[in-house]
Amino acid sequence: MLRVALPVGFGIAVLATPLVASGYPLREATTILMYMALALSWNLIGGLCGYPSVGNVAFFGIGAYVTAALVAHLHWTLLPALGASALAALAFAAVIGPIVLRLNGHYFAIATLGTAQALGQIVIMVPWVGGPNGIILRVPIGDTDVYYLMAAVLGLALLITHVILRGSWGYACRMIRQDEHAAAACGVNATYYKTACWGLSAIVAALVGSVYAVWITFVNPPSVFDPLYSLTMVVLTLVGGAGTLWGPVVGAFLVEIVDQYLWANLLTAHTLFLGVVIVVIVLFLPRGVWPYLTGQQGLSWRSLFEGTRRLRV
Amino acid sequence: MSTALRLEGVSKSFGGLQAVRAVSLELKAQEILGLIGPNGAGKTTLMNLIAGAYRPTAGHIFLGAREVTGRPPFAIVHMGIARTFQIVRVFKEMTVRENVLVGALFGGRTDRRAAAERADEVLEFVGLSGLADRTTGEIGLAEQKRVQLARALAIRPSVLLLDEAMAGLNPGEMEAALELVRAVHRSGVSLIVIEHLMKVIMGLSHRVVVMHHGQLLAEGSPADVVRDPQVVAAYFGEHYSRRRQRSGPWAHRAPRADTGRDGDRAP
C-alpha cells in the first residue's frame, strides 16, 4: 500500500505545487526539492555505503561551474550543459574516488573535506572562470521551469536510490557499511560498488548544482563551494534516516520547514533553535525520523544511549 | 591424492617483523589439515595470506593449478577459497537468512532466486533453519559462529579456512560444531583448521602442521606431532622439554596434548 501510495502521492504533490504556488512560496519549494536531492546524493555514499563524505559540495560546485562556463562563455544550451556537468563531476569522482575511498571513517571525512576546499581554492586561481569574481549567466527560463528541472533531478535521485536498494547492489552496500572485510570474504568487490555509488552521488549533486547556477544566475567560489552544503547534506540525511529511500526526503522537508518557521518567528536566534531541534531528533531517533514513522525503530530513553554508540561518523 | 592448495615459500613481513617465513605446505584434496602453534606463531597471518587479505612479501600460493597470489580477497573467494574469521564477523543488522544468502549471491555468483534456495539449503544443513528470520546481532555467539560457517558454505568453496571456529563454545556446542565440520568435510570440501583446543585438532585433523615464530616447525599425523620434542619445546619452553627427554619425573608418561598452553581456554 505504502509502496505505491507514497511515490504516487509525493509525485503528484511535487508536480502540482506550481499550480497553486508562485513567487516566494514556489522558490521556497524549489529550495526544498534542491535539499532533498542533495540529501539523496549524500545518502548514496554516506548512507548506503557508510562512507561519511564531507566533501560532496565539490560535485555541486563542479556542476554549477561547468554549467555556468559552458552557457556563459561557450553559449551552450541548457540541457547539453547539464549533461556535461554531470559527466565532469563523474570524471572528478572517478579520479579521486579510488584514492579517498581507500580511507574510511574520520580519515575519509577529512580527505573529502580537504578535497572540496582545495577545489574551491583552485577555481579562484582560474581566470577563465572569473577567478574570485565568478561567472554571471543568463538562461531565459522562469521560476516554474527551474522548479520542474529541480523536480526532475530529485526524481532521478530517487530512481537511482530505489534501483540500488531493490537489487543485489543494495545488499552489497549494506555489507560494505557493516563490515567491509566480511563483505570481501563473501566475494563482494567493495571497491567497485563504493566507487559506483560515489560516482552516482557525484552525478546527482552536480545536476543540482547546474540547476542552482541557472536559477541563481551567478556562481562564485564562496557560494557554490561553501562547505555548509556538505554539512547540510549530512544533517538532513541523518535526521531523516540514512541508508533509506525516503529518509533523506523526509529529513530535508522537516528541517527546511522547521528552519523556515523558526527563521520567520525567531530571526535573531533561529539557528540556535534549529540546532536544538536537530540534536534532539538525532539523539532520540538515532536511525532517523523515517525508520520511526515506518515502525522500524521505537522511541524510548534507551535510544539516547544507542545513539551515542551508533553515530560513529 | 591431488593437491587442493599449495604454498611455496610464502613470507610476510610487517616492517621489521617477519610474521611468516618461507612457509611451504600442501593441502590435499578432501583433507582436513590442522594448523597449530603458540600464540603469535603466525597462523592467522597465514590464513590472511591465503585469503588475500594480505599480499605475501615473497612466495606463491596455488589453488589447484591456478595461482592466487596477490589477487584481491573477493576474487580469491570467486576462485573457491572461503574463510571464517577468528573474531566473528557477521552482518549483525541483517537476518540470519540474509547473511547466508549474500554468501551465495556474491561468492557463489548466482541470481537472487538461486541464492535464496541455496541459503535455505545451507541453513538446514547447519541446523539454523529455526533462526533464519532473526536479526543476527541478537542471537548467541555459538549461533553467530554457525552463521559465519553457513555463509562460507553458501559460497560452495573447494577450500575452507576455519580460524578458531570452536573457541568460546561450551562442550555441548563444541561437539555439535565438530560434527558439523565433519559433515562439511564429507560434502567434499578440503579444510585448513586453526585451533587452540587440542581436543578439536586431535579429533578432526588428518594431518597437523605446527607453526612457531612464523616458520613451519613440524608436520605429521596428530599423534606424532604432539610427541615431537620441538613441538613440546615450542609450547612449554626448552626447559620442560629437556627435562622430559632426560628421564625427568614425567618421562614415563605419554604426552598429554590437551594440556597445551592454551588448554585453559577449554571449558
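A:H106 is exposed, because just 12 other C-beta atoms lie within 10 Å, and a residue with 12 or fewer counts as exposed. The model is a predicted one. A:H106 sits in helix α5 of chain A, which covers residues 106-124. A:I45 offers a reference point elsewhere in the chain. In sequence, A:H106 and A:I45 are 61 residues apart. In space, their C-alpha atoms are 14 Å apart.

Turn next to the start of chain A. Helix α1 covers residues 2-20. Does its length fit its residue count, and what span should its 19 residues have? At 1.5 Å a residue, the expected span is 27 Å. The C-alpha atoms at the two ends are 26 Å apart, so the two values agree. α1(A) does carry a kink of about 25°. The kink lies at A:V14, shortly before the proline A:P18. This helix is also hardly covered. Among its 19 residues, the count of buried residues is one.

Two other helices of chain A pack against each other. They are α7(A), residues 168-178, and α9(A), residues 190-216. Their axes are 10 Å apart and meet at an angle of about 105°. Angles of 65 to 115 degrees count as roughly perpendicular, and α7(A) and α9(A) are therefore roughly perpendicular to each other. From α7(A), the contact uses A:W169, A:A172, A:C173 and A:I176. From α9(A), it uses A:A190, A:Y193, A:K194 and A:C197. The spacing within each set has a simple background. An α-helix has 3.6 residues a turn, so residues three or four places apart point the same way. By class, the residues of this helix contact are seven nonpolar, no polar and one charged.

α7(A) also takes part in the contact between the chains. That contact draws 15 residues from chain A and 19 residues from chain B. On the side of chain A, α7 (168-178) and α8 (180-185) each supply at least two residues. Which helix gives the largest share of that side? It is α7(A), with six residues. The side of chain A that touches chain B divides into eight nonpolar, five polar and two charged residues.

Chain B completes the picture. Its secondary structure comes to ten helices and ten strands. Of its 267 residues, 45% are buried. Among the contacts in chain B with a separation of 6 or more, 66% join residues 24 or more positions apart.

Notes
Residues numbered from 1 in each chain as written. Chains lettered and ligands numbered in written order. Predicted model: local features only at pLDDT ≥ 70, side-chain atom pairs only at ≥ 80, totals over all residues. Helix = DSSP H or I, 4+ residues; strand = E, 2+ residues; numbered from the N terminus. Expected span 1.5 Å × (residues − 1). Bend = angle between axes of the 7 residues up to and from the residue. Buried ≥ 20, exposed ≤ 12 C-beta atoms within 10 Å, placed from the backbone. Contact = placed C-beta atoms within 7 Å. Nonpolar A, V, L, I, M, F, W, Y, C, P; charged D, E, K, R; others polar. Axes fitted to C-alpha atoms, helices over the stretch in contact; angles between N-to-C directions. Parallel < 35°, antiparallel > 145°, perpendicular 65-115°, else oblique.
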